[in-house]
Amino acid sequence: TDFKSDKQPTWCPGCGDFGTMNGMMKALAETGNDPDNTFVVAGIGCSGKIGTYMHSYALHGVHGRALPVGQGVKMSRPDIEVMVAGGDGDGYSIGAGHFVHAVRRNVDMTYVVMDNRIYGLTKGQASPTSRSDFETSTTPEGPKQPPVNPLALALASGASFIAQSFASDALRHQEIVQKAIEHDGFGFVNVFSPCVTFNDVDTYDYFRDSLVDLQEDEDHDPNDYEAAKEVILDGEKEYQGVMYQDENSVPYHEQHGVTENMSEIPDGAPEDAMDLVREFY
Ligand code: SF4
């Protein structure tokens, strides 16, 4: 698609991030976006390289801080499409505080988390979504604490759109990301994106065998909050699909009347940042 840059990804062959990114690019194209109106903000981690591989405006930001940057871009330019991408370590550990507040703020953007349940870039330590008995070099007997449930965290924070997909189920993943893009508000998608090098538990085969599709297998209604709560808190099964969508969601910029391109300096304002600094000192 138009969104693929000419840079060759350095991800390990077979990494789930390839499928996650392909679906994101196709979803952006299908929803009528093009690289000129799209800004991708990425965190730190293997997944954080995604901005380099996408032909759009992009910023490879500070660890755990991609969401505040993305919200700032969207608030100053409500006319462009903003997509934030990162991993489970970036989003649910160092970035967890930002995640909670981005969710409740409901800025109209999409957040895709490539969840491989491990820190891949630093060679395989337990992440916030690792299983409690997942053995790694730093947790030889497992982290011995329950994994974060990012979907529950989002629901408790007042999310207006919560979904989960699987990098290898290409069409379904693309369709789910499309729904997140089209949602009026903060569209959150947790994507199972297997790390083939360091995680031999949460593999492609595991997800292929265990995932239950909410819309195809279960006839789940995402507008039903109680039903959403039930699947999100179900500790037994793993689901893909749109868990929850608030049909009456009003994005932050509409609630607060931010409708114009705010990135241009208004008449009468100092022309560069140094003028502002001089005014204060
Ligand atoms: Fe992907 Fe894991 Fe390789 Fe990182 S280490 S590129 S997450 S397979």
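Begin with the largest nonpolar core of this predicted model: select its 33 residues, and then pick out I162, F188 and M243, which touch the most other members. Helix 3, spanning residues 66-76, is the element that gives the most to this core, with four residues.

Keep M243 selected and show its surroundings. Setting aside residues up to four places away in sequence, M243 touches L151, I162, A163, Q164 and L214, and also H220, P222, A228, V231 and I232. A second core, separate from the one just visited, has 27 residues, and C15, M21, M25 and A180 are among them.

From M243, move to E230, which has its place in helix 9, residues 225-232. The C-alpha atoms of E230 and M243 are 9.5 Å apart in space, while the two residues are 13 apart in sequence. E230 has a relative accessible area of 63% and is therefore exposed, the cut-off for that class being over 50%.

Next, colour helix 3 by burial. The buried residues in helix 3 are A66, L67, G70, Q71, V73, K74 and M75. To see what covers these buried residues, show the elements that include strand 1 (38-42), strand 3 (81-87) and strand 4 (109-115), together with strand 6 (186-192), helix 5 (96-105) and helix 10 (252-255).

The aromatic side chains make the next stop. Twelve aromatic pairs are found in the structure. For a tilted example, select F166 and Y204, whose ring centres are 6.2 Å apart and whose planes stand at 45 degrees. Because F166 belongs to strand 5 (residues 161-166) and Y204 to helix 8 (residues 204-210), this pair ties together parts that are 38 residues apart in sequence.

Stay on F166, which is buried with a relative accessible area of 4%, and add F207 to the selection. The rings of F166 and F207 have their centres 5.6 Å apart and their planes at 45 degrees, so this pair is tilted. With F166 in strand 5 and F207 in helix 8, the pair ties together parts that are 41 residues apart in sequence. F207 itself, at 1% relative accessibility, counts as buried.

Elsewhere among the aromatic residues, select Y92, F99, Y111, F186 and F188, which ring pairs link into a cluster. F188 has appeared on this tour before, as one of the residues that touch the most other members of the largest nonpolar core.

Now centre the view on the ligand. The residues around the ligand are W11, C12, C15, C46 and N116, with G120, C195, V196, T197 and F198 completing the set. By character, this shell divides into seven nonpolar residues, three polar ones and no charged ones. C15, in the shell around the ligand, is also included in the second core.

The last stop is S5, which is found in the segment before helix 1 (16-30). S5 has a relative accessibility of 14% and so counts as buried, since the cut-off is under 20%. Show the side chain of S5 and the backbone of K7: a polar atom of that side chain lies 3.2 Å from the backbone nitrogen of K7. Leaving aside neighbours within four places in sequence, S5 is in contact with T52, Y53, M54 and H55.

Notes: Residues are numbered from 1 along each chain as its sequence is written. This is a predicted model: local features need pLDDT of at least 70, side-chain atom pairs count only at pLDDT 80 or more; totals for chains, interfaces and linings use all residues. Side-chain values use heavy atoms; hydrogens and water are left out. A nonpolar core is a set of buried Ala, Val, Leu, Ile, Met, Phe, Trp, Tyr and Cys residues joined through side-chain atoms within 4.5 Å. Buried means under 20% relative accessible area, exposed over 50%, partly exposed in between (1.4 Å probe, protein chains only). Helices (H or I, at least four residues) and strands (E, at least two) are DSSP runs, numbered from the N terminus. Contact means heavy atoms within 4.5 Å. A residue is near a molecule or strand if one of its heavy atoms lies within 4 Å of it. Ala, Val, Leu, Ile, Met, Phe, Trp, Tyr, Cys and Pro count as nonpolar, Asp, Glu, Lys and Arg as charged, and the others, Gly among them, as polar. A polar contact is a pair of N or O atoms within 3.5 Å; within protein, one must be able to donate a hydrogen and the other to accept it, and residues adjacent in sequence count only if both atoms are side-chain atoms. Rings of Phe, Tyr and Trp (its six-membered ring) pair if their centres lie within 6.5 Å; planes under 30 degrees apart count as stacked, over 60 as edge-to-face and the rest as tilted.
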